[in-house]
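Work through the exercises below with the sequence and the coordinates side by side, and attempt each task before reading its solution.

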Amino acid sequence: MSTDRNLTNRDESSPEKIQQRPAVPPAVDIYENAEELLVVADLPGVTQDHLAIRLEKGELTFEGRRAEAAEREKGAESLPDYRRSFVVPQGIDAEKISAELQAGVLRIHLPKSASLKPRQIPISAG
């Protein structure tokens, strides 16, 4: 189940910085379970060396350059970079955010803090 209700896409609502290279927003799915939000983005042609992920002032931004684009810059028409930003909801444990890139698919794990996770309430006899 994909949901965008917890993360707000910032691409349409905030001004972009002036960029030297064109960029396109990649396809993204956002999943939620009791433990985390999971952002899954398709970044074909991007390698770990050409990927940057930042969390600044509650905004998660990732940017990727296709490996072939970096090599084609000398003359041929280059492919656009990927860039996407989201507002991270309150209750995410920023210190435990992790990411992995495999076969052009980026997965960013945004773990929920303990206060947001469901818990069982003990019942005492009284």
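**Exercise 1.** Determine how many residues lie between β3 and β4 in their hairpin, and describe how the two strands pair.

*Solution.* β3 and β4, as DSSP runs of E with at least two residues, numbered from the N terminus, form a hairpin with three residues between them. Their pairing, which requires at least two DSSP bridges, is antiparallel and extends over five bridges. Within it, glutamate 32 has leucine 37 of β4 as its bridge partner, while aspartate 29 stands opposite valine 40. The model is predicted, with local features needing pLDDT of at least 70 and side-chain atom pairs 80 or more, whereas totals for chains, interfaces and linings use all residues. Residues are numbered from 1 along each chain as its sequence is written, and side-chain values use heavy atoms, leaving out hydrogens and water.

**Exercise 2.** Place the hairpin in its sheet by finding the strand order.

*Solution.* The open sheet of four strands is ordered β3-β4-β9-β8, with antiparallel pairing. β3 and β8 (98–102) are the edge strands, each pairing on one side only. Seven bridges join β4 to β9, and glutamate 36 stands opposite proline 111 of β9.

**Exercise 3.** Decide whether β4 is mostly covered or uncovered, and identify which strands supply the largest nonpolar core.

*Solution.* Six of the seven residues of β4 are buried, that is, under 20% relative accessible area with a 1.4 Å probe, protein chains only. The largest nonpolar core (buried Ala, Val, Leu, Ile, Met, Phe, Trp, Tyr and Cys residues joined through side-chain atoms within 4.5 Å) has 17 residues. β3, β4, β5, β6, β7 and β9 each supply at least two of them.

Definitions and conventions. Buried means under 20% relative accessible area, exposed over 50%, partly exposed in between (1.4 Å probe, protein chains only).
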